[in-house]
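Here is a friendly walk through one protein chain, with an eye to its charged pairs, its pocket and one of its strands. Have the sequence and the structure open as you read.

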Amino acid sequence: MEMEYEKTKSESKQYERALLAGVHLGNDSQEEFARSMEELKSLAAACYMEPVAVVTQNLDDINKALYLGKGKVQEIKETAVSFQADVVVFDDALTPSQLSNLQRELHMPVLDRTTLILDIFAIRARTREAKLQVESARLKYLLPRLVGMHEALTRQGGTSGSMSSRGAGEKKLELDRRRIEKRIAQLNRELKEVSAEREIQRKKRQAARIPLVAMVGYTNAGKSTIMNAMVDKYVKDDEKKVLEKDMLFATLDTTVRQICTGNNQDFLLSDTVGFIHKLPHHLVKAFHATLEEVQNADLLLQVVDVSDPHHKEQMLTTQELLTQLHAADVPMITVYNQADRCEQPVEYPKRNGADKVCICAKEESSLHLLVQMIVEQVYKDYVSAEFLIPYADGEVTSYFMEQAQVTDSAYEENGTRIRVKCHRADKDKYQKYLQP
């Protein structure tokens, strides 16, 4: 049995022509509503759809049965026929009853904003963890919306074997629900296993004391561009690059790369999933394990497309989601990216204190300034110290050579004398070798 949640990239292309619909509520500004509808167009394009028409309505309150007014539903139906639309996409999350009623009235597939984003994530997911997270989110969102999705919902199931005790058998709807619930339970078990593996990796990184820097921000703000620029300069391995494309949610999978800046001042750079206005709650919950990288980071880079007229609103969205993830207190540098694309000239590269910088990620001078600010932040707990380590304890000398910034070393009669910048914890740990 083919279920709605099993759509693939090729299947999503059957909805090439999309009619977009939205409701402007009285308490929302017209500018904010227009921005949301423009974003819906970009989301549709990211899901391989071609927006062919837009229908909107001004209302004081959402129609509980149909989302918008009965007359407007008829207008959507006629417009869809005129433009030969294959699907209608709504700019808000629809309730199960609204979805069922609209599909019955329009006689065509109906998607809401949440389903559209979930479909995009399903197309983009590459790693096992991302695929598990997306499928889990889609199934949990689909479960209460099964009513009205299939024909012949009253068709009876088998009446023998394990089902014989149910008399006439189960309805097809009940079979579908049971199948989905069973799959969700299986996904939860697999995600726990993946989460345990991630926790082991995290503990290894913490033991090695390599700082973790996590990039966060609105989708398509330039996080992948920054990642690839750093890989180019400091890793020099094209296979370590990520997909870089001018599209919402072009990359989905969390990637971590070790950036080797020299003199043992390395750091790990993590590129997390992009945020967006009205990001489905199911996705935030599903990706919580992945986004724990944000909570455990030593430093966050909030990447902002400063050339976007709505970048301030996007920053508020990012801050709200970081608060949901309990990561609002993690130290942060705000990176105003794509300064070269601003309509009004903006000076870059330019830093504003220790926590703000304006750059163009594709220019080396901007990258150099950004890395300098990162190193200053993640290595601020490093202190200068001088140690005299006996030759018999050569493993301690090796440790400092590998983990600290060695500024001077000399071989003396009683052992190796080294001057280093090391973490405060290392200075305390090896205090018996410390020199005044």
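What follows is a short report on salt bridges, a pocket and a strand in this model.

## A charged network around R113

Please keep in mind that this is a predicted model. The number of salt bridges in it comes to 21. A good place to begin is the pair formed by E39 and R113, whose closest N and O atoms are 2.5 Å apart. E39 belongs to helix α2 (residues 30–46) and R113 to helix α5 (residues 113–124), so this contact ties together parts that lie 74 residues apart in sequence. Are these two partners buried or exposed? E39 has a relative accessibility of 9%, so E39 counts as buried. R113 comes out at 2%, and therefore R113 counts as buried too.

R113 has a second acidic partner to look at: R113 also forms a salt bridge with D91, with 2.6 Å between the closest N and O atoms. Here R113 in helix α5 is linked to the loop between β3 (87–90) and α4 (96–106), where D91 sits, and the two residues are 22 apart in the chain. Both R113 and D91 are buried.

## A bridge between α6 and α7, and the wider network

Another pair worth finding on your screen is R128 and E190, whose side chains meet in a salt bridge at 3.5 Å, N to O. Since R128 lies in helix α6 (residues 128–142) and E190 in helix α7 (residues 172–208), the pair ties together parts that are 62 residues apart in sequence. R128 has a relative accessible area of 44%, which makes R128 partly exposed. E190, at 18%, falls under the 20% limit for a buried residue, so E190 counts as buried.

Which residues do shared partners join into one network? They are E39, D91, D92, R113 and K278, connected by salt bridges that have partners in common. As general background, side chains of opposite charge can pair when their charged atoms come close.

## The largest pocket

Now turn to the open space in the model. The largest pocket holds about 880 Å³, and its lining is made up of 36 residues. If you want to find the middle of this pocket, look for N220, A221, D246, D305 and Q338, the lining residues that lie nearest its centre.

Which helices each supply at least two residues of the lining? Helices α2 and α8 (223–235) both do, and α2 provides the largest share, with four residues. By character, the lining of the largest pocket divides into 10 nonpolar, 14 polar and 12 charged residues.

## Strand β9 and its neighbours

How many of the residues of strand β9 (residues 332–337) are buried? Six of its six residues are, which leaves the strand mostly covered. The cover extends to both faces: M332, T334 and Y336 are buried on one side, and I333, V335 and N337 are buried on the other.

β9 has a parallel partner in strand β8 (residues 299–305), to which six bridges join it. In this pairing, L301 stands opposite I333 of β9. Together with helix α11 (residues 311–324), β8 and β9 make a right-handed β-α-β unit. β9 also runs parallel to strand β11 (residues 356–358), and three bridges join these two strands. There, Y336 stands opposite C358 of β11.

Notes: Residues are numbered from 1 along each chain as its sequence is written. This is a predicted model: local features need pLDDT of at least 70, side-chain atom pairs count only at pLDDT 80 or more; totals for chains, interfaces and linings use all residues. Side-chain values use heavy atoms; hydrogens and water are left out. A salt bridge is a side-chain nitrogen of Lys or Arg within 4 Å of a carboxyl oxygen of Asp or Glu. Buried means under 20% relative accessible area, exposed over 50%, partly exposed in between (1.4 Å probe, protein chains only). On a 1 Å grid over the protein atoms alone, a cavity is a set of points where a 1.4 Å probe fits but cannot get out, and a pocket is an open set with protein on both sides within 12 Å along at least five of seven lines; lining residues have an atom within 4 Å of a point. Grid points are joined across faces, edges and corners, and a volume is the space filled by probe spheres set on the points. Ala, Val, Leu, Ile, Met, Phe, Trp, Tyr, Cys and Pro count as nonpolar, Asp, Glu, Lys and Arg as charged, and the others, Gly among them, as polar. Two strands pair if DSSP finds at least two bridges between them. A crossover is right-handed if, with the strands pointing away from the viewer, the path from the first strand over the helix to the second runs clockwise.
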